[in-house]
Amino acid sequence: MTTRTLPDLFTWLEDARRTGVVHYDERQRAWLVLGHPEVTAVLGDPQRFSSDLGDLLPRQDDLELFRRGNFVQLDPPRHDTLRRLVSRAFTPRVVAGLAPRITTVTGELLDEVADAGRFDLIDDLAYPLPVIVIAELLGIPAADRTVFRRWADALFERPQAGPDEPLARMMDDDAVRTIAPVLREMNEYLLRHVRARRAAPGDDLTSGLVHAEADGERLDDEEIIGFVGLLLLAGHITTTATLGNTVATLDRHPDAAARLRADPGLLPDAIEEVLRLRTPFPRLARRATTDTTVGGMTVPAGDVVVAWLAAANRDPRVFADPARFDIGRSPNPHLTFGHGIHFCIGAPLARLEARIAMELLLRRYRTITVDTGAAVFRNPWVMLAPTKLPVAVTPA
Ligand code: HEM
């Protein structure tokens with residue numbers, strides 16, 4: 001039987017940890033890495049643990065096209081060259097300049113549902129807010145966001161993901177056939193966008209990439225597709241997840257919600273604690289490039305290694321009473337944004353969006369009550385995220 005609920009996933013991870021913080025799972029045909037220091041070691045060593053799992057994927061043109069500039073799946077030196085092209089746009093200082101726009105968009109989205117008394121936290125705020133912000137940065141029409149949502153839903157649905165899914169081959173032919181039309185639509189959409197920016201550059205990141213040089217060469221249009229696609233998708237779904245997870249968690253912890261209303265200065269730490277306990281990307285895959293050891297186990301070259309962020313974030317050696325939601329937890333060295341050279345480039349933006357949105361929600365509404373019976377969550381083996389979160393609110 002496969003388990004697909006969040007409590008089942010955490011129980012499964014606890015059982016797996018008892019087998020060993022690093023061990024080989026026969027059904028998944030992969031090494032599971034479940035401890036905080038061990039996950040840190042894997043993510044911190046791209047020489048031994050590669051992010052390029054391309055040859056474990058079926059050969060498919062649309063998939064390959066999308067992967068070319070998608071630097072989260074590339075190793076150094078190309079990864080570092082491509083990441084450098086955009087890293088300056090995402091530093092905490094530059095991102096802080098977006099605060100007024102984020103506040104305006106949040107306010108406008110909440111105005112639209114102001115009279116309703118109830119709305120869907122995901123459809124009406126947590127989805128549109130980050131997608132509008134990242135689309136504006138990339139110079140892509142935010143009005144097309146229903147299309148982006150369809151792509152993200154298709155790519156992150158994966159109902160088959162679970163404890164029985166073999167990871168030795170990352171995706172089977174059927175799975176690729178299912179997502180191929182979405183990938184094609186996405187590639188064609190982004191290619192049109194890149195060509196338009198090449199013809200008439202604007203003041204956005206895509207225009208910057210069209211003219212940027214990497215290793216003395218211009219990026220070609222196809223390389224920019226994966227680059228922009230990565231930023232567009234990574235730039236919103238996880239933040240959507242985090243806003244949804246924060247509202248859902250506070251609904252279950254009214255005492256914490258009351259403390260945050262009284263002192264919004266506590267919000268950044270509370271959001272970090274939600275990020276720790278509700279890790280949007282629960283696991284990251286790597287591949288051993290050489291015979292190596294991790295956590296005292298010998299991993300042969302070529303094997304898939306799964307770094308379980310969601311398990312590392314509950315490692316009792318690092319976090320006291322790890323399952324407890326503690327908005328004052330300090331230090332809180334969670335691994336939700338990864339570690340090492342692929343550490344999330346958008347972390348400052350995600351944190352800012354979450355803080356501003358939560359501040360406004362708590363200021364506008366005296367109570368926010370989740371209709372838990374009507375809430376819908378993704379398969380947590382793929383992503384810890386609500387996709388529907390109806391709430392009833394009373395104005396402050
Ligand atoms: C990388 C999580 C928001 C863009 C990553 C990684 C994680 C992550 C775990 C590392 C992947 C790996 O090592 O294989 C999250 C979470 C977010 C979030 C939990 C929200 C709460 C964002 C945002 C952006 C973004 C807002 C938009 C700019 C990226 C990019 C990478 C990345 C481009 C690849 C970095 C690289 O390979 O060097 N993210 N992310 N993320 N994230 Fe985020």
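**View 1. The loop that holds C344 and the iron atom of the ligand.** In this predicted model, C344 is found in the loop that runs between α16 (309–312) and α17 (347–364). Look for its SG atom: C344 is the only protein donor of the ligand's iron atom, at 2.3 Å.

**View 2. The second largest pocket and its lining.** How much space lies in the second largest pocket? The volume comes to about 410 Å³. A good way to find the pocket is to start from L6, P7, R252, R278 and F377, which lie nearest its centre among the 22 residues of the lining. Two elements, α1 (6–19) and α13 (237–252), each give two or more residues to this lining. Of these, α13 gives the most, with five residues. Sorted by class, the lining has 12 nonpolar residues, along with five polar and five charged ones.

**View 3. Aromatic rings that pair up.** The model has 11 aromatic pairs. One of them joins Y24 and W31 in an edge-to-face arrangement, with 5.3 Å from centre to centre and 65 degrees between the planes. Is W31 buried or exposed? W31 counts as buried because its relative accessibility is 8%, and the cut-off for buried is under 20%. Its partner Y24 has a relative accessibility of 30%, so Y24 counts as partly exposed. Elsewhere in the chain, W12, W308 and W381 are linked into a cluster by ring pairs.

**View 4. Two arginines whose charged ends sit over rings.** Here are two contacts to look for, each between an arginine and a phenylalanine. R314 has its charged end over the ring of F10, 3.6 Å from the ring centre. R276 has its charged end over the ring of F319, and here the distance to the ring centre is 5.0 Å.

**View 5. E165 in its loop, with G328 for scale.** Where does E165 lie? You will find E165 in the loop between α9 (145–156) and α10 (173–199). With a relative accessibility of 10%, E165 counts as buried, because buried means under 20%. To get a feel for distances in the model, try going from E165 to G328: the two are 163 residues apart in sequence, and their C-alpha atoms are 37 Å apart in space.

Key
Residues numbered from 1 in each chain as written. Predicted model: local features only at pLDDT ≥ 70, side-chain atom pairs only at ≥ 80, totals over all residues. Heavy atoms only, no water. 1 Å grid on protein atoms, 1.4 Å probe; cavity = no way out; pocket = protein on both sides within 12 Å on 5 of 7 lines; lining within 4 Å. Points joined across faces, edges and corners; volume = space filled by probe spheres on them. Helix = DSSP H or I, 4+ residues; strand = E, 2+ residues; numbered from the N terminus. Nonpolar A, V, L, I, M, F, W, Y, C, P; charged D, E, K, R; others polar. Donors = N, O, S within 2.8 Å, 3.2 Å for Na, K, Ca; no water. Phe/Tyr/Trp six-rings, centres within 6.5 Å; stacked < 30°, edge-to-face > 60°. Buried < 20%, exposed > 50% of the residue type's maximum accessible area, 1.4 Å probe, protein only. Lys NZ or Arg CZ within 6 Å of the ring centre and 35° of its normal.
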